[in-house]
Amino acid sequence: MISSPVKEENRHKFTENIPDLLERVDFFRLDACRKLEEYRKAEMGQFLTPSPVAHLMASMMKYSNSEVYILDPGAGVGSLFSACVAELCRRHPRPKLISVTAYEIDEKLSEYLPDTMQLCQKECQRLGIKFIGEVRKTDFIKASVEILNGDLFSQNYQLPEFNCIIMNPPYKKIHSESPARILLRKIGIETSNYYTGFLFSAIKLLQAGGEMVAITPRSFCNGPYFKTFRKSFLSEMSLSRIHLFESRQLAFSDDNVLQENLIFHSIKTVNKSNKIIITSSLGPEDGIVSSHEVSYEDVVHPEDLHSFIHIVPDKSGKQTAEKIKRLKISLDDLGLSVSTGRVVDFRFKKFLRATDDKDTIPLIYPTHIANGDVIWPKTNTNKSNAIVVSPETQELLIPNENYVVVKRFSSKEEKKRIVAAVYDGNRLPGVSVAFENHLNYIHKNGKGLDFSLARGLAAFLNSSLVDSYFRQFSGHTQVNASDLRSIKYPTSEQLNAIGLQITDTFPGQEEIDHIINIEVLNMDSSNLCG
């Protein structure tokens with residue numbers, strides 16, 4: 001990498017009287033936010049890092065080298081690398097050299113970067129630290145693929161010496177045949193979002209033993225779409241700290257982003273640490289930070305084929321994880337499977353009916369689920385209640401028997417992430433039934449379940465224990481079929497025992513939790529997660 005010292009020119013005059021480096025750079029961020037249209041933020045998928053978040057991220061770094069080579073992909077106005085420089089200038093002993101390489105493709109943002117570099121150089125110069133900075137106004141993914149494949153360099157070219165990466169990558173989906181997706185395949189990653197593409201590329205550029213801090217959505221921790229990335233990430237990097245924000249609104253409050261984010265610190269090594277520090281706060285400016293240690297295997301279960309990342313937020317969450325460890329049975333062990341509802345309604349619109357008729361069968365939507373039961377038909381809804389039986393819809397139908405149905409998306413009004421109900425085939429007409437695509441359903445080889453087993457399974461999934469556990473590896477309101485497969489369950493005998501205690505009216509939360517405590521955990525207390 002060819003780098004050159006930043007020249008002292010073109011500095012914004014309005015920062016002259018601002019004493020702190022981070023405050024000056026935050027002026028750039030606020031100025032840029034005013035200039036950037038909302039649609040362009042969404043289009044680029046990039047939200048600029050506020051100063052408190054940047055400071056928190058920079059403070060997580062260990063900075064153990066006397067020469068620190070920083071990479072900031074998607075640098076924005078330079079909030080993150082300048083936070084690193086400010087932190088390094090406060091540390092003792094200070095490094096001899098700080099080198100920064102910043103990528104930013106957006107012209108309206110990159111115009112601030114020379115000024116940010118100059119501020120960093122001035123601070124380092126004051127303390128006798130050599131500073132080298134370089135701004136690269138290009139696509140980071142394209143550039144990293146070219147570097148890693150050696151496309152633009154001679155045989156003597158060596159990879160950059162990055163030992164410190166700090167990043168707030170763009171959050172945007174990548175279509176399957178987009179240029180970015182095709183480029184990422186060249187370096188061995190298949191991913192559906194820019195942020196994991198940025199993370200993967202950056203890891204490949206990081207030196208062995210180097211460290212990385214990133215703020216990202218929590219969505220990569222579970223789900224099938226990020227499985228390839230998780231496996232690669234966990235094979236090359238060792239997590240050492242994870243920070244959660246309890247509020248979904250405060251991390252990027254200036255941009256009105258409603259996103260469950262986390263910050264993680266990791267080191268490039270195959271040797272995993274024994275412990276991971278989990279910290280949390282309401283928001284980046286909250287002075288009260290809770291902290292506790294958990295074993296690495298509690299976060300990344302060695303036997304988990306999906307490589308989910310479980311985040312235990314507090315002592316109560318640790319107790320939940322301990323209770324779940326007692327369960328050893330998978331859906332597979334129970335002889336059960338989970339599938340997604342087959343009816344994508346807009347594709348079969350001409351076959352949908354508001355009311356049941358002689359040529360229709362029941363069609364079940366999430367709106368039909370209430371209090372552990374399926375209420376059908378439902379008149380106060382804009383959703384259909386039935387679907388016409390025809391050769392075109394035959395493949396959508398399943399036998400009208402007993403199933404457990406689970407909402408794939410929980411609404412804002414619902415307190416729990418997993419919302420399950422019993423579909424009772426004896427209460428609805430016809431020989432077949434159809435489930436809409438926003439439902440998952442649990443079945444036995446395509447057919448129904450014993451009624452007591454179905455009731456016991458629905459009660460277990462609706463318990464506070466499962467809800468608390470699910471939140472440890474899922475940061476969003478979607479419940480995938482793979483999530484349900486990853487959960488460990490009570491034995492069939494225990495599930496039947498639970499089901500036999502449930503009458504026609506599905507019990508409330510307190511009673512469900514009490515039954516699970518007695519039948520599954522052999523505990524007298526009704527406080528499942530305490």
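In the predicted model, strand β17 (residues 403-407) pairs with β18 in the antiparallel sense, over four bridges. Within this pair, V405 stands opposite A421 of β18. Strand β18 spans residues 420-423, and its side chains alternate in direction: A420 and V422 point one way, A421 and Y423 the other way. All of these residues of β18 are buried.

An open sheet of nine strands is also present, with mixed pairing and the order β3-β2-β1-β4-β5-β7-β6-β8-β9. Its edges are formed by β3 (130-136) and β9 (290-295); each has a single partner strand, so one side of each is left without a neighbour in the sheet. From one strand to the next, the twist averages 15°. At the β9 edge, the pairing with strand β8 (residues 275-281) is antiparallel and extends over six bridges. The bridge partner of T279 in this pairing is S291 of β9.

Helix α9 (residues 194-205) lies across β1 (67-72), β4, β5, β6 and β7. The direction of α9 is at about 165° to that of β5. Several strands of the sheet also receive contacts from helix α3, whose buried residues pack against β4 (162-167), β5 (206-217), β6 (237-245) and β7 (261-268), as well as against the helices α1 (21-35) and α4. The buried residues of α3 are S51, V53, A54, L56, M57 and A58.

Two packed helices are described by the angle between their axes and the distance between the axes. For helix α3 (residues 51-59) and helix α4 (residues 79-90), the axes come within 8 Å and cross at roughly 55°. The arrangement of α3 relative to α4 is therefore oblique. The crossing in which α3 passes α4 is right-handed. On the α3 side, the contact is made by A54, H55, M57, A58 and S59, and on the α4 side by S79, L80, A83, C84, E87 and R90. By residue class, this contact of α3 with α4 comprises six nonpolar, three polar and two charged residues. Among the α3 residues in this contact, A54, M57 and A58 are also listed as buried.

Helix α4 also packs with helix α6 (residues 113-126), at an angle of about 5° and with the axes 10 Å apart. An angle under 35 degrees counts as roughly parallel, and α4 and α6 are therefore assigned to that class. The α4 residues F81, S82, V85 and C89 meet L113, T116, M117, C120, E123 and C124 of α6. The residues of this contact of α4 with α6 divide into seven nonpolar, two polar and one charged. An α-helix has 3.6 residues a turn, so residues three or four places apart point the same way.

A further local environment is that of K186, in helix α8 (residues 179-186). The relative accessibility of K186 is 52%, so K186 counts as exposed. When neighbours within four places in sequence are left aside, K186 is in contact with V145 and N149. The C-alpha atoms of K186 and L148 are separated by 9.5 Å, although the two residues are 38 residues apart along the chain.

Terms used: Residues are numbered from 1 along each chain as its sequence is written. This is a predicted model: local features need pLDDT of at least 70, side-chain atom pairs count only at pLDDT 80 or more; totals for chains, interfaces and linings use all residues. Side-chain values use heavy atoms; hydrogens and water are left out. Axes are lines fitted to C-alpha atoms, for helices over the stretch in contact, and angles run from 0 to 180 degrees between N-to-C directions. Helices (H or I, at least four residues) and strands (E, at least two) are DSSP runs, numbered from the N terminus. Angles under 35 degrees count as roughly parallel, over 145 as roughly antiparallel, 65 to 115 as roughly perpendicular and the rest as oblique. A crossing is left-handed if the near helix is turned anticlockwise from the far one by less than a right angle, and right-handed if clockwise. Contact means heavy atoms within 4.5 Å. Ala, Val, Leu, Ile, Met, Phe, Trp, Tyr, Cys and Pro count as nonpolar, Asp, Glu, Lys and Arg as charged, and the others, Gly among them, as polar. Buried means under 20% relative accessible area, exposed over 50%, partly exposed in between (1.4 Å probe, protein chains only). Two strands pair if DSSP finds at least two bridges between them.
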